[in-house]
Amino acid sequence: MKSTLDILPLNSWLETNGKPVIIAGPCSAETAEQVMETTTQIKAEGFANVLRAGVWKPRTRPGSFEGVGEPALAWMQEAHKETGLPVAVEVATPQHIELALKYGVNILWIGARTTVNPFNVQELADALKGVDVPVLVKNPVNPDLQLWIGALERLNQAGIKKLGAIHRGFSNAQETKYRNSPMWHIAVELKTMFPQLPIIGDPSHMAGKRQYLFELAQRALDLNYDGLIIESHRDPDKAWSDAAQQLTPKALGEMLEALSVRSKEYGTDYQSELEVVRAKIDNLDRELLENLAARMSLVERLAEYKRDNNVSAYQVDRFREILKTRAGWGKSMNLFPDLVDELFKLIHMESIRKQTEVMNQPKVSA
């Protein structure tokens, strides 16, 4: 199903002076003092374009801190007056939207737990009809690109043209060092389909721990994301939610200063060299596919042997051996471990599919 989004460029509704947009603030608005102290420190660092804070916090289990609610909107309103920076909050119900607009919230975002449910998104889209407010949509919790696109479409069809996406990573049954697996290819595919759509990276929710923030933020900028949304707290270790992934405003400023912002464009002097390098990449990609096709041909022979000898397609010990040895080979070649792991999981799943297909075919008599 082909789709288009009728949206306005980011720079038409948010001034960033040509730099990546930075949205910063505490995970949760806890007290009036905490919000004001944190936001004024962020303002003083001079890097933020937008202030953020969680007012309503969807939690997995009851009894956790679920946000202050409406009183926190007044604190954000005061922070806007004090700093002159626009403020952004997450909304999950039509009532949230009504209250946020009542307090003059400048930007709304829809969280991952809401994006996953089209009924919820449609309710929000209906509540936003006729409202001229920017809306950012986080990817759904599960790695489903169509759900993400569907949420953007519903809002766009409701008349929201100041629209953007937030990439915060995805839940993954596999254990990784990150809280949420980035799965960069999903966001890249979204950007490929909708090049005019602003994409903002959320390293805080990908990382889960502050020591991984820099590498994830740099990766987002390397992929030409339009900006970052990062959690910052005056005293992170005492935060009421997500303490481990937050930075002080000063530490955040130092991290942002150390990041490299790549140019999205290149001059004519580089064109010929780029064409040479890209031609080499194209050739190598073709070789990769030829090697993959040759591997699948061997898989078919293997499947025929298994069929003829009544052996099951899936051999768990062999799968473990493949993951272990390929990880070692990749490490020796300085390849990113997650890339090697994901690549061979995909290859193995295709091998199983191919073997099952062959094994269910009748044996050809000589």
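How many of the five residues of strand β8 (residues 227–231) are buried? In this predicted model, five of the five are buried, so strand β8 is largely enclosed by the rest of the structure.

## The chain as a whole

The chain holds 13 helices and eight strands, and its C-alpha trace spans about 85 × 55 × 40 Å along its principal axes. Of its 366 residues, 45% count as buried. When contacts between residues at least 6 apart in sequence are considered, 73% of them join residues that are at least 24 apart.

## The barrel and strand β8

The strands form a closed barrel of eight, in the order β1-β2-β3-β4-β5-β6-β7-β8, and their pairing is parallel. On average, neighbouring strands of this sheet are turned by 25 degrees against each other, with direction ignored. As a general point, strands of a sheet pair through backbone hydrogen bonds, in either a parallel or an antiparallel arrangement.

Strand β8 is covered on both faces, with G227, I229 and E231 buried on one side and L228 and I230 buried on the other. Its pairing with strand β1 (residues 21–25) is parallel and extends over five bridges, and within that pairing A24 has I230 of β8 as its bridge partner. Strand β7 (residues 199–201) also runs parallel to β8 and is joined to it by two bridges; here G201 stands opposite L228. I230 and L228, the partners named in these two pairings, both belong to the side of β8 that is set against the side carrying G227, I229 and E231.

Elsewhere in the barrel, strand β5 (residues 135–138) and strand β6 (residues 163–167) run parallel and are joined by four bridges. One residue of that pairing is V135, whose bridge partner in β6 is L163.

## Helices packed around the strands

Helix α2 (residues 70–83) lies across β2 (50–52) and β3 (87–90), and its direction makes an angle of about 160 degrees with that of β3. Helix α3 (residues 94–102) has H96, I97, L99 and A100 buried, and the buried residues of α3 pack against α2, β3, β4 (107–110) and α5 (118–127). Both α2 and β3 therefore appear in two descriptions, since α2 lies across β3 and the buried residues of α3 pack against both of these elements, under a contact limit of heavy atoms within 4.5 Å.

Where does N156 lie, and is this residue buried or exposed? N156 is found in helix α6 (residues 145–157), and because its relative accessibility is 13%, below the limit of 20%, N156 counts as buried. Leaving aside neighbours within four places in sequence, N156 is in contact with T4, L5, D6, I7, K161 and L163. L163, one of these contacts, is also the residue that serves in β6 as the bridge partner of V135. N156 and L10 are 146 residues apart in sequence, while their C-alpha atoms are 15 Å apart in space.

## Backbone positions with positive phi

In general, most residues other than glycine have a negative phi. Two residues that are not glycines nevertheless have positive values, namely M183, with a phi of about 45 degrees, and N224, with a phi of about 65 degrees. M183 is found in the loop between β6 and α7 (184–193), whereas N224 is found in the loop between α9 (213–222) and β8. With a relative accessible area of 29%, N224 is partly exposed; by contrast, every residue of the strand β8 that follows this loop is buried.

A glycine with positive phi is found after α3, where G104 has a value near 75 degrees.

## The second largest pocket

The second largest pocket contains about 540 Å³ of space. Of the 16 residues that line this pocket, L288, N291, L343, F344 and I347 are the closest to its centre. The elements that give two or more residues to the lining are α11 (271–308), α12 (316–332) and α13 (337–359), and among the contributors α11 gives the most, with six residues.

By class, the lining of the second largest pocket consists of 11 nonpolar, two polar and three charged residues.

Conventions. Residues numbered from 1 in each chain as written. Predicted model: local features only at pLDDT ≥ 70, side-chain atom pairs only at ≥ 80, totals over all residues. Heavy atoms only, no water. 1 Å grid on protein atoms, 1.4 Å probe; cavity = no way out; pocket = protein on both sides within 12 Å on 5 of 7 lines; lining within 4 Å. Points joined across faces, edges and corners; volume = space filled by probe spheres on them. Nonpolar A, V, L, I, M, F, W, Y, C, P; charged D, E, K, R; others polar. Pairing = 2+ DSSP bridges. Axes fitted to C-alpha atoms, helices over the stretch in contact; angles between N-to-C directions. Buried < 20%, exposed > 50% of the residue type's maximum accessible area, 1.4 Å probe, protein only.
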